[in-house]
Each structure stands twice: as structure tokens, then as C-alpha cells.
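The exercises below are meant to be worked through with the sequence and the model side by side. Try each task before reading the solution that follows it.

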Amino acid sequence: MAQSSIEWTEMTWNPTTGCDKISAGCKFCYAEVMAKRLKAMGVEKYANGFELAIHEDELQTPYTWKKSKMVFVNSMSDLFHKDVPVEFIQKVFRVMKENPQHVFQILTKRADVLLYYDKEGLLDWTHNIWMGVSVESEKVMKRIDLLRQTNARVKFLSCEPLISPLPNLNLKGIDWVIVGGESGRTPRPMKKEWVMDIKEQCKKKDVAFFFKQWGGTNKKKTGNLLNGRKYLEMPEIIETE
């Protein structure tokens, strides 16, 4: 568990670490860079760098948090990686269910695996589990349709890094859209008109819109103002079952 600088959450929890690149959005993966840095620092959890690793001991961590938190699950991995046993995923879901005072935000690029497990009845969705998919370009918009078919109570899209326009988004059943530009040494550009178009699509469908950052080589300098204001909308938090 760690406090997070990610604007749309409060802390991160990584019961698994490590991943593989599967689409264009993975090209400059921040988690891979961070994992290599942590390995060099001698952090035991990252002894194998960015190779997939499962951390059973992390399953007890949420039970120790005294105050309600907004928690990004697996900021350093993908819970629905094909090599994560479904039995372990179910353990993670059980932990989230048994800690209803927290909101757990899961994000995946493997929407096909997610939907398969869901249709098989292997996932126990509770009100505090938010499920999202990464949609960085038009080429992966099919992930939205797969997410929509799941039984997750709150569904969201992370359009970050946004590397192409996303016209004609089907936002039916989607509660939240996050948009952000790429950061790092060689970020791919994001155009303002792409962001504005997504914002307008969200407005028309009454979907919460969160603009995270412009990105670039200095994301603190570029900030997250859009036409002079911040858009930090969040979906409604359901308090009970």
C-alpha cells in the first residue's frame, strides 16, 4: 500500500506486480520504469523487475486501514493478466467485499479475460468495486463493449495516454471517463480537440468527466486546466448494497 499521486485515487494496493505490453498504450509504461527503479533500489517486492509476481501477503493489507479510502488496485500490474490464477483474483475480490468501507478501482487492458471470468460467474461484484478499461485509441474501443457486458456496479474508462481521437464513443452503461495525455521523456502528443470532443460526449450522456493531465515532459508545468478550469468529476459512490 502507498499514498498515490494519481489524481483520481488516494492510494494504491498491488497484490500483483509486473505485466506485459499488449497494445499501443503500453509503449512507455510508467509502471515498468518504476519497477526497474525499485529493483535497483533493492525493494524485495520488485526483485524480478517487471516480471509478473503474485503477493499473497498483500491480501491482508486492506484490513489494516482505519479510514475509508479510494484505492487503485494494481497500479503496477493488471489483475486480469492471463497468468494470474483466477483463484487469486477471487481472493482479491473477497478482500474487497469484506472491506466495504473502501472503494476499490480496478483497471485492465484485458477486457476479454475480465468478461470471460464474469460470464463464468467467477467474480463477486459488490457496490465498492469499480471496474475500468483502458481506451487509449480507436483501435481498442472494443474493450468498452466487453466492459459493458460485465456485472460491475460502476464502470469507467481510462483514456490515458490518449493517442488518438475517440469519436462516437458508446457510453451506455458507463459511469465515468478519465482523460489524460502521456508523460515521460518522449510522450506522444494529445490534441485539445480530442479532449473537448470526449468531454462533450460525456456531457450529452451525463457521464462524469475527469481530465487528469496534459502530460508532456513536465506534467506539473502543463497541468490539467481545460479552457481555464479543472474537470474533476467523479461517479456517485454507492454506500450500501
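**Exercise 1. Two residues with unusual backbone angles**

In which loop is N74 found?

Solution. Before starting, note that this is a predicted model, in which local features need pLDDT of at least 70 and side-chain atom pairs count only at pLDDT 80 or more, while totals for chains, interfaces and linings use all residues. Residues are numbered from 1 along each chain as its sequence is written, and side-chain values use heavy atoms, with hydrogens and water left out.

Step 1. N74 is found in the loop between β5 (70-73) and α2, where helices (H or I, at least four residues) and strands (E, at least two) are DSSP runs, numbered from the N terminus.

Step 2. Although N74 is not a glycine, its phi is positive, at about 65°.

Step 3. With a relative accessible area of 2%, N74 is buried; here buried means under 20% relative accessible area, exposed over 50%, and partly exposed in between, computed with a 1.4 Å probe on protein chains only.

Step 4. D206, placed in the loop between α5 and β10, likewise has a positive phi, of about 55°, without being a glycine. D206, however, is exposed, with a relative accessible area of 72%.

**Exercise 2. The surroundings of strand β8**

Determine how strand β8 is covered and which strands pair with it.

Solution. Step 1. Strand β8 covers residues 154-159, and 6 of its 6 residues are buried. On one side these are V154, F156 and S158, and on the other K155, L157 and C159, so that both faces are covered.

Step 2. Strand β7 (residues 129-134) runs parallel to β8 and is joined to it by 5 bridges, two strands being counted as paired if DSSP finds at least two bridges between them. Within this pairing, S134 has S158 as its bridge partner.

Step 3. β8 is also joined by 4 bridges to strand β9 (residues 176-180), again in parallel, and here L157 stands opposite V177.

Step 4. Together, β7, helix α4 (residues 142-148) and β8 make a right-handed β-α-β unit; a crossover is right-handed if, with the strands pointing away from the viewer, the path from the first strand over the helix to the second runs clockwise.

Step 5. In the loop between β8 and β9 lies P161, and the peptide bond from E160 to P161 is cis, with omega near -5°.

**Exercise 3. From β9 to β10**

Over how many bridges do β9 and β10 pair?

Solution. Step 1. β9 and β10 pair in the parallel sense over 5 bridges, and W176 stands opposite A208 in β10.

Step 2. β10 comprises residues 208-213, and 6 of its 6 residues are buried.

Step 3. β9, helix α5 (residues 192-205) and β10 form a right-handed β-α-β unit.

**Exercise 4. Aromatic rings**

Describe the geometry of two aromatic pairs and name the members of the aromatic cluster.

Solution. Step 1. A search of the whole structure finds 13 aromatic pairs. Rings of Phe, Tyr and Trp (its six-membered ring) pair if their centres lie within 6.5 Å, and planes under 30 degrees apart count as stacked, over 60 as edge-to-face and the rest as tilted.

Step 2. The ring centres of Y116 and Y117 are 5.9 Å apart and their planes stand at 55°, so this pair is tilted.

Step 3. For W130 and W176 the centres are 5.6 Å apart and the planes at 80°, so this pair is edge-to-face. The pair links distant parts of the chain, since W130 is in strand β7 and W176 in strand β9, 46 residues apart. Both W130 and W176 are buried.

Step 4. One aromatic cluster is formed by W8, F72, W130, F156, W176 and F210.

**Exercise 5. A polar contact in strand β3**

With which side chain does the side chain of T17 make a polar contact?

Solution. Step 1. T17 lies in strand β3 (residues 16-17), and at 0% relative accessibility T17 counts as buried.

Step 2. The side chain of T17 makes a polar contact with the side chain of H55, at 2.8 Å. A polar contact is a pair of N or O atoms within 3.5 Å; within protein, one must be able to donate a hydrogen and the other to accept it, and residues adjacent in sequence count only if both atoms are side-chain atoms.
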